[in-house]
Amino acid sequence: MLNHILFILFLVSYLAMIIMLIKGMNPTLVLIGIGILWAVIGGIGPVGILNDIVGARITANASALMTILFGSWFAQVLVQTGVVKTIIRSAVELGGDKPNVVVVLIMIVVSLMFTSLFSIGPVIAVGVIVLPVMISLGVKPRIAVVAYGLSVGVATLVNVSQYAVVRGIISAFVDDIPENFGAPWTPYCFIAFGVGVLINIVGVLLTMHFTDSKKRVKSWAEDLDDDDDEIEFVPWYVCIATFIPVILVIVFKMNIFPAFILSGLYAILTTKIKYKNLRPFPLLSKTFQQGFTESSGMVMYMICTYILVDGAAAVRPIIEESIGSILPRSTFGLAVMIAIAVPLFMYRGPIAIGGAGAALYATIASIGAIPLQFLWMLCMVASGIHYGLDPTNSSNIWTCSYAKVKPLEFIKTVLPISWVYGAAIIGILFIMHG
């Protein structure tokens with residue numbers, strides 16, 4: 001009887017979390033507050049909360065938090081050396097004044113760039129370029145925001161920084177996850193990435209086709225011109241720095257930190273070949289400072305997420321006793337359940353790994369009927385779906401605010417595409433590893 005009462009308290013607190021997030025309350029405060037409340041509901045005392053949830057989790061995930069910092073630094077290197085602007089400028093020039101072509105090229109380029117770019121800083125740096133371009137060609141703001149958000153989201157499947165961060169979250173209930181980005185996550189993630197990019201592009205183009213919009217002809221070149229920038233264009237051999245970290249980590253099995261350092265140094269030194277007056281050491285210092293400063297908020301956000309996930313894991317025995325008997329006992333049943341429930345990723349819902357879903361996955365792990373390898377890979381997939389779909393995600397909050405798109409408009413536009421995309425990559429996971 002007591003467990004059922006505690007389960008009801010858990011559900012009420014979860015609904016309260018959704019309401020607070022919808023009302024725009026500070027996400028970090030909401031997450032840490034609800035996480036501590038769930039820990040209390042799960043029977044953990046004050047000392048346990050401070051030592052085992054707050055202290056121990058920060059210590060255990062120090063590597064993941066440092067990955068955020070170094071990933072943000074590398075992203076700043078690509079921005080400051082002109083790599084980002086060069087790649088986007090080339091794609092837009094190739095598309096000309098044809099909105100459909102420009103949108104397709106932008107989505108492909110953004111998806112590829114964010115396999116290495118990470119954190120909110122690069123999202124803003126790229127967004128202030130590509131969003132005005134799409135909108136100036138007559139693409140409705142809500143569609144432009146969705147096209148951009150989905151492209152950033154699908155890239156997380158292949159992003160080595162995102163892998164490290166999500167691995168830290170999942171480690172609360174699954175220990176045996178490879179530390180380095182590789183098998184068995186690859187080659188699945190690359191197949192899912194390719195399928196996801198294709199589905200997202202088709203979905204956005206169909207949405208544009210069935211949406212009544214008037215083409216506003218405005219030269220996108222105005223949005224790209226920035227004569228004040230010291231670095232306006234870099235050669236192709238500098239631009240390949242974007243993909244060097246992924247290659248070093250996957251092909252050469254290099255640790256993620258030296259992979260970022262070598263890739264960043266390559267970008268800076270090759271840029272100096274084109275711009276003789278570039279000063280590498282000041283640029284190195286500047287990008288470190290800006291990257292670490294911009295990512296500090298995300299580090300705090302992830303610490304709060306870890307606390308929320310640990311709090312959810314503490315409620316696992318209560319959930320197992322209340323609804324454990326109706327949870328899927330096979331990989332097929334679990335895959336179907338998550339594919340059908342894709343809308344529940346929104347607002348850190350009951351299947352979102354960075355939210356209430358942690359309790360669900362922890363419960364499934366404790367039951368022991370689902371192979372842990374399939375479970376943690378499904379959690380990685382869930383993170384990739386959640387990133388582009390949830391309006392409370394920091395990147396989606398910024399893009400909607402920048403383009404003046406209301407959350408409900410964003411949801412109505414992104415949900416159909418994300419649902420198909422999510423079901424597809426979950427289906428691929430079951431075929432390859434179920």
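Exposed means over 50% relative accessible area, and buried means under 20%. Keep those cut-offs handy for the exercises below, and bear in mind that this is a predicted model.

**Exercise 1. Decide whether Lys404 is buried or exposed, and work out where it sits.**

Step 1: Start with the area. Lys404 has a relative accessible area of 72%, so it counts as exposed.

Step 2: Now place it. Lys404 is in the loop between helix H20 (394-403) and helix H21 (407-433).

Step 3: Check the backbone. The phi of Lys404 is positive, about 55°, although the residue is not a glycine.

**Exercise 2. Do the same for Lys253: find its loop, its phi and its exposure class.**

Step 1: Look between helix H13 (244-250) and H14; Lys253 is in that loop.

Step 2: Its phi is near 55°, a positive value in a residue other than glycine.

Step 3: The relative accessibility of Lys253 is 57%, which is over the 50% cut-off, so this lysine is exposed.

**Exercise 3. Classify Gly138 as buried or exposed, then find how far its C-alpha atom is from that of Ile5.**

Step 1: Find Gly138 in the loop between helix H7 (120-136) and helix H8 (141-155).

Step 2: With a relative accessible area of 8%, Gly138 falls under 20%, so it is buried.

Step 3: Go from Gly138 to Ile5, 133 residues away along the chain, and you get a C-alpha separation of 53 Å.

**Exercise 4. Work out which class the ring pair Phe74 and Phe260 belongs to, and which helices it links.**

Step 1: Recall what you need to know. A pair of aromatic rings is described by the distance of the centres and the angle of the planes.

Step 2: A search of the whole structure gives 14 aromatic pairs. In the pair Phe74 and Phe260, the ring centres are 5.6 Å apart and the planes are at 35°, so the pair is tilted.

Step 3: Trace each ring back to its helix. Phe74 belongs to helix H4 (residues 62-80) and Phe260 to helix H14 (residues 256-274), so the pair ties together parts that are 186 residues apart in sequence.

Step 4: Add the burial. Phe74 and Phe260 are both buried.

Step 5: For a further aromatic group, pick out Phe70, Trp73, Phe257, Phe288 and Phe292, which form one cluster.

**Exercise 5. Find where the cis peptide bonds Ala183 to Pro184 and Thr186 to Pro187 put their prolines.**

Step 1: From Ala183 to Pro184 the bond is cis, with omega near 0°. Pro184 is in the loop between H9 and helix H10 (185-209).

Step 2: From Thr186 to Pro187 the bond is also cis, with omega near 10°. Pro187 is part of helix H10.

**Exercise 6. Describe the largest cavity and the second largest pocket by volume and lining.**

Step 1: Count the cavities. There are three of 30 Å³ or more, and the largest has a volume of about 230 Å³.

Step 2: Sixteen residues line this largest cavity, and those closest to its centre include Tyr301, Met302 and Asn393. By class, its lining has eight nonpolar, seven polar and one charged residues.

Step 3: Move to the second largest pocket, with about 320 Å³ of space. Its lining has 19 residues, and among those nearest the centre are Ser63, Arg167 and Glu179.

Step 4: Sort the lining of this pocket: 10 nonpolar, seven polar and two charged. H9 gives the largest share, five residues.

How values were computed
Residues numbered from 1 in each chain as written. Predicted model: local features only at pLDDT ≥ 70, side-chain atom pairs only at ≥ 80, totals over all residues. Heavy atoms only, no water. 1 Å grid on protein atoms, 1.4 Å probe; cavity = no way out; pocket = protein on both sides within 12 Å on 5 of 7 lines; lining within 4 Å. Points joined across faces, edges and corners; volume = space filled by probe spheres on them. Nonpolar A, V, L, I, M, F, W, Y, C, P; charged D, E, K, R; others polar. Helix = DSSP H or I, 4+ residues; strand = E, 2+ residues; numbered from the N terminus. Buried < 20%, exposed > 50% of the residue type's maximum accessible area, 1.4 Å probe, protein only. Phe/Tyr/Trp six-rings, centres within 6.5 Å; stacked < 30°, edge-to-face > 60°.
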